[in-house]
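The following note is intended for a colleague who is meeting this structure for the first time. Please read the numbered points alongside the sequence and the model.

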Amino acid sequence: MAEKHYNASDLTILEGLDAVRLRPGMYIGSTGPKGLHHILWEIVDNAIDEAANGYADRIDVRLYKDGSASVEDNGRGIPTDIHPKTKVSGVQVVFTQLHAGGKFDEHNYSFSGGLHGVGASVTNALSKWLKVRVRREGKTYEMGFHSYYDEKKKKYESGVPTGPLTDLKIRTKQHGSFVQFLPDDAVFTNTEFSLATVSHRLNELAFLNRGLTITLTDERITRNEYLAQGGEAEEVQLDLAGATEPYSVTFHYEGGISDFVGYLNDGKSKLYQKPLYYRAEKDGILVEFAIQHTGEYTENLFSFVNNIPTPEGGFHEVGFRTGMTRVLNDYARENKLLKDKDPNLVGEASREGLSAVLSIKMKNVQFEGQTKTKLGNPEARTPVESCTVEGLRALAAEPRMKKTFDEIIKKAQGAARVRLAARQAKETARAKNSIDSLMLVGKLAACSGRKPEQNELFIVEGDSAGGTAKQARVRQFQSILPLRGKPLNVEKKRLDQVLANEEIRTIISALGTGIGTECNLDKLNYHKVIILSDADQDGFHIRCILLTFFYRYMTPLVMAGHVYIGMPPLYKVYKANGSVEEYAYDDKELQEKIDKVGRGYLIQRYKGLGEMSAEQLWTTTMDPMRRNLIQVTVEDAVAADNMITTLMGDRVDKRKEFLARNANFNKEDAFMKRVKTKKENGDEDE
């Protein structure tokens, strides 16, 4: 091969915001829904930073019919004077320069979530247009930006100013910033903001910033339409009369994270009615936590650093858990609830049924990755542990709190006995070689591949579908695990009951990671765990049960993106002579397939995987080149926890209410009605 000429002239230098446009995933994680909302959070985070540092007490977010969104705050306003180095306004610097902002030192912001300095500029780079209005020092300024394809340069120009910062000559006593932007459909696969996603996050931020008022207005939907679609009337705080008024809601909590814990535990049985709350500062780190124990069997700890969720935890969570375990053991021994010969309570037992919110604010935060999911500052552990110990000891010392702490210890002791029995049962089973071998004999059709990153495990509903899947699979990398009956709903059960369930033990053995605090992804046998169930109510129930188990007992598996939902087709559209076969996965696609097959088509509605041949199951559901898989991710841990509690918990009224709003059990009936109508209109093809 001839050697190619390669010198300095071949090096490409990405200027301005070009790098963001070329590799958006590096800055916002993805170009899917998560990335779309990320560019909104970047602007919201800037407003929250103003509030968290005492400069603002109101934030207004608005979603528009044209697909744009805006964020307005009553903070100090983005600087409008000329930057000494770039010789352009501060507004232009903030929205056109990567790694530019007022958060790299401690002069303007004590605590900040947006520490990377790329937030506003990345939002600008990935928008068709963006406009800024600043009210500052009695004046009102405005500036616009746009992105476009330059035909001469044959490249996109991103976030280019449409003109200089302009003084609108409008005098005002108000102050703050207004930013509106339209996400670029050339970048994002879907540019429609989710009302539920935005609402959950803003509600969360209001909890975390006590006294802050956040309003959300969605001009795409009216208040009456929202209520007609099943929205809850009590969620609508503003008195909006008439069908033309947009849906709007206000979030404001004087109780802060104490109210947050109360919100998490709504409808649950509680050991004590009022959450325990403490706030202190140690070594420059502000620590705030609220806890409440419930009658549930799993722990729910939601942590935040500078208002940013950290679902993957970090050193602050380690400090909190260590401190809590230490105090409860000390209290138990001082009050003779633990005898001298008794072992200490383990952390998992003391936190059974715990709902906790931990919020810390610190300088020089090191998040692991731009998407900020884990705190990487080791120096955060000791101050958080110290504040946790100090706070819980102070609470326990109050005479009125004795009954509360006695109840916590009593529940922890019960949990410890259950966990000891469960551990002994596991050890006995392992000693007999049953849990890791006999459990899988005759059940798991294992693949021959030895590389977990390439291997897939299909968890299939029933022996019939399992047999078909075994015939359809590629033995080299696909394993099949049929379920015989429904697994246990772990939301309502103790650990020993969970481990006593044969189907659950089989899944644990097949995956190889262990569960709970012992869950170790380094031991994972399959990097794709695919739930494959029928597209009916029983199938959906099994799917929910398995997702609940994975989320409660194998959380890292879900967080790392190893869990998937297999999507078998709902319909086959074909010609009677077998010349054409097309598969549709929903009603919308069904119509497209009908149009493609043309006159003389027939429709088969699949009610279960057992109705498919091995070839059909492979073609539609198992072939990596053609199948549809949904990766299970947790973008909002609080919302996920609430949904699992609602769907799988004991509150029947909450579950009925949720299903009434969101489930459609009449899809097939609606489809058949449409077919019948077409027949009556003389459409012989139907």
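How many bridges join β10 to strand β11, and do the two run parallel or antiparallel?

1. The model discussed here is predicted. In it, β10 and β11 (residues 285-293) are joined by seven bridges and run antiparallel. One of the contacts can be followed by residue: E281 has L286 of β11 as its bridge partner.

2. These two strands belong to an open sheet of five strands, whose pairing is mixed and whose order is β10-β11-β14-β12-β13. The edges are held by β10 (276-282) and β13 (308-309); each has a single partner strand, so one side of each lacks a neighbour in the sheet.

3. Strand β12 (residues 300-305) deserves separate attention. Six of its six residues are buried, and the strand is mostly covered. Its side chains divide between two directions: N300, F302 and F304 point one way, whereas L301, S303 and V305 point the other way, and all are buried.

4. The partners of β12 illustrate the mixed pairing of the sheet. With strand β14 (residues 354-361), β12 runs parallel, and six bridges join the two; N300 stands opposite S355 of β14. With β13, by contrast, β12 pairs in the antiparallel sense over two bridges, and V305 has I308 in β13 as its bridge partner. The hairpin of β12 and β13 has two residues between the strands, and N306 takes a positive phi near 50 degrees there.

5. Among the helices, α6 (residues 195-208) has 14 residues. From first C-alpha to last, α6 reaches 20 Å, close to the 20 Å expected at 1.5 Å a residue. Of its 14 residues, 11 are buried, so the helix is largely enclosed by the rest of the structure. The buried set includes hydrophobic-named positions such as L195, V198 and F207, together with R201, N203 and E204.

6. On cysteines, the structure holds zero disulfides. C387 counts as buried because its relative accessibility is 1%, while C544, at 29%, counts as partly exposed.

7. Where is empty space enclosed? There are two cavities of 30 Å³ or more. The second largest cavity holds about 40 Å³ of space. Its lining consists of D534, A535, P568, P569, Y606, K607, G608, L609 and M612, which divide into six nonpolar, one polar and two charged residues.

Definitions and conventions: Residues numbered from 1 in each chain as written. Predicted model: local features only at pLDDT ≥ 70, side-chain atom pairs only at ≥ 80, totals over all residues. Heavy atoms only, no water. Pairing = 2+ DSSP bridges. Helix = DSSP H or I, 4+ residues; strand = E, 2+ residues; numbered from the N terminus. Expected span 1.5 Å × (residues − 1). Buried < 20%, exposed > 50% of the residue type's maximum accessible area, 1.4 Å probe, protein only. Disulfide = S-S within 2.5 Å. 1 Å grid on protein atoms, 1.4 Å probe; cavity = no way out; pocket = protein on both sides within 12 Å on 5 of 7 lines; lining within 4 Å. Points joined across faces, edges and corners; volume = space filled by probe spheres on them. Nonpolar A, V, L, I, M, F, W, Y, C, P; charged D, E, K, R; others polar.
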